[in-house]
2 protein chains.
Amino acid sequence: MKLATLRNGRPDGLLAVVSRDLTKYVSAGRIAPNLQAALDAWETAEPALQDLSRSLDAGRIAAQPFDLALAMAPLPRAYQWIDGAAYLGHLERVRGIQGSKDGALQGTRPLLYQGGSDRLSAATDPILVADDGLAVDFEAEIAVVIGSVPMQATREQAAAAIRLVGICNDVSLRRLVAEDLQNGFGFFHSKPSTAFSPAFVTPDELAPAWRAEKLHLPVRVSINGKLFGQPNAGVDMHFDFADLIVAATQTRSLGNGTLIGSGTIANAHDEASSGKPDTIGFACIVEARTVEKLKYGRARTPFLKAGDRVSIAALDAAGNPVFGTIDQTVALFRR
Amino acid sequence: MKLATLRNGRPDGLLAVVSRDLTKYVSAGRIAPNLQAALDAWETAEPALQDLSRSLDAGRIAAQPFDLALAMAPLPRAYQWIDGAAYLGHLERVRGIQGSKDGALQGTRPLLYQGGSDRLSAATDPILVADDGLAVDFEAEIAVVIGSVPMQATREQAAAAIRLVGICNDVSLRRLVAEDLQNGFGFFHSKPSTAFSPAFVTPDELAPAWRAEKLHLPVRVSINGKLFGQPNAGVDMHFDFADLIVAATQTRSLGNGTLIGSGTIANAHDEASSGKPDTIGFACIVEARTVEKLKYGRARTPFLKAGDRVSIAALDAAGNPVFGTIDQTVALFRR
């Protein structure tokens, strides 16, 4: 089934079940007022939501048209957002300018950081920045919502806890990344609100594209309507989501409704730049710029400026967005 | 007024108003089911809670005895926990072994890190560790709960957003800190669940001890019943809470119910060790060990082991705990 959270003027929004083709929705408010409440009672809420989903897709109940602009982030505020670095290609391409000193460990244990989760952005929210000279970048990622997991979880416990799958845009201010990394306290100022796809989907609905704790679908990224990258999220993912969850439980348990991200999707290739229809390209700008510097002596791809638009969608075999499209435009914050 | 969250089998607990002397409580469930709900409707909830508090302290309503063991963290799960480094004495004492590379900035802008907030510990919860050889340490801090604050907030907006004040124990696994800092992704494995005082208190209730966005009270720390430190939280706090909040809004707004910590309380002194009645001492073990290494060539104060107990309380003029006492014992996690 596919779930979404609709704007209703409240901070947690209204839980809705969305049709497989994302054209219709029905409120799930009678089952749970919002997604966190459903996750808190998943054993009873999940079968009821699945029933509603079957009735909706069978056309047995009245439904409303689903407009992406109605959707908030599935968890508009979450108790935890953990982002990983599962695609080593991303780290290898950007390490030089991001200055990670963890090279020796990167292949053996995934890097994880604690992200802000008090205000997560909707797929169509603007990327609000006070200064678009901060090297505004996007990062196309896969994300999962999990149930609670004990400290030092096994792979089996980790895999069994995955409730929903979606995509996200981990907005990054590259000019502030180096400073955040240098002070050693992690990404704080350099990672403003992450945006999430309009729909999050259960693994059973995604199968066979969801297998071995990875999403085996191409993720298409466009900037201002022009193709920028289309890596496959199932390719070159060095750590799967069970690995990421297990790593996150080394010293602590994880609460119900924790969001975990894959880090920037990156496929191995030696392309010099993005955007040609037959290329794989990149799922963030800084990777393209780093490769361009090496090949041409200078970066050609500009970072995002006010008015620039980035679109991210995971596509099924027919080329349709599975989770809906993340479609954000950079806007300047005015106090 | 003084607020607490009582265990009721639900993840967010039950909101209660506690008497000034912390001996009695009355449920505030009719005003708001839990503290986050009260914060979400603070304009209407706060006056109703203040009325209830006045009735309780005047003995006009039936109350139950307040047992610290009933209390969860005031926000048992929060949408955000941001911890700062407001006492430069702490950074100066530990920098050598914690390897922060931000020395040049430390006096001009507070360091902040994003902490985990999905499962915050009660004052009497055990400090659960899989291995007590990880150099288990505590950090006695002041913490505030704030309402929502816009991006690039002014000092006035920041100060006006402070709703409640309390204390916390930012448990730290020192053996993992260096690795976390080196990988640059921030404290992840080295900072398990932070514990919070049983009661959180409004600034008006604390005045005059709460002034200039600082808490001017001694915080007494004991290990296994023996005095370890008693620094005053209002002394040598280089950045006040308005500074911390403003710094946190450099690139983003802050959601309602955000928790912000001061970092380890540290007063300037040249004492060689902790624990004498007429000394100030330290509010974490690693500071004492660093000073001991410099003075004696070796650290004398051991880190915490299974069975060790740490107690933290902010004391009023009469020597009574204002927020109740954080009283935790280290316990080994068994899968």
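Start by selecting A:Arg54, which is partly exposed at a relative accessible area of 46% (buried means under 20% relative accessible area, exposed over 50%, partly exposed in between, with a 1.4 Å probe and protein chains only). Add A:Asp51, also partly exposed, at 43% relative accessibility. Their side chains meet in a salt bridge at 2.5 Å, N to O (a side-chain nitrogen of Lys or Arg within 4 Å of a carboxyl oxygen of Asp or Glu). The two sit three residues apart in helix α2 (residues 42-57) of chain A, so about one helical turn separates them. Helices (H or I, at least four residues) and strands (E, at least two) are DSSP runs, numbered from the N terminus.

A word on what you have loaded: this is a predicted model, where local features need pLDDT of at least 70, side-chain atom pairs count only at pLDDT 80 or more, and totals for chains, interfaces and linings use all residues. Residues are numbered from 1 along each chain as its sequence is written, chains are lettered from A and ligands numbered from 1 in the order in which they are written, and side-chain values use heavy atoms, with hydrogens and water left out.

Next, hop to chain B and pick B:Glu139 and B:Arg174, whose side chains form a salt bridge at 2.9 Å, N to O. This pair ties together distant parts of the chain: B:Glu139 is in the loop between β9 (136-137) and β10 (140-146), B:Arg174 is in helix α6, and they are 35 residues apart. Both of them are buried. Over in chain A, select A:Asp137, A:Glu139, A:Asp170, A:Arg174 and A:Lys191 to see a network of salt bridges.

Now try B:Val17, in strand β2 (residues 14-18) of chain B and buried at 0% relative accessibility. B:Leu52 is 35 residues along in sequence but 7.2 Å away in space, C-alpha to C-alpha. Among the residues B:Val17 touches are B:Leu3, B:Tyr25, B:Leu49 and B:Leu56 (contact means heavy atoms within 4.5 Å).

Time to show both chains. Chain B lands on chain A with an RMSD of 0.0 Å after a turn of 180° and a shift of 0.0 Å along the axis, which is the relation of a two-fold axis. Copies are superposed by least squares on the C-alpha atoms of residues with pLDDT of at least 70 in both. To find the axis from chain B, go to B:Gly186, the residue of that chain closest to it, at 1.8 Å (C-alpha).

Colour the interface next: 56 residues from chain B and 56 residues from chain A take part. About 5100 Å² is buried between the chains, with carbon and sulfur atoms giving 56% (the accessible area, 1.4 Å probe, that two parts lose on being put together, summed over both). In chain B, highlight B:Tyr79, B:Phe185 and B:Phe188, which lose the most area to chain A, together 19% of what that side buries.

Then zoom in on B:Glu179 and A:Arg109, whose side chains meet in a salt bridge at 2.2 Å, N to O. The rule finds four salt bridges across this interface.

Last stop: A:Thr258, in strand β19 (residues 258-261) of chain A. A:Thr258 is buried, with a relative accessible area of 0%, and its side chain reaches the backbone oxygen of A:Gly255 at 2.7 Å. Its contacts include A:Gln80, A:Val144 and, from the other chain, B:Asp118.

Key:
Polar contact = N/O pair within 3.5 Å; in protein donor to acceptor, adjacent residues only side chain to side chain. Lists of a residue's contacts leave out its neighbours within four places in sequence.
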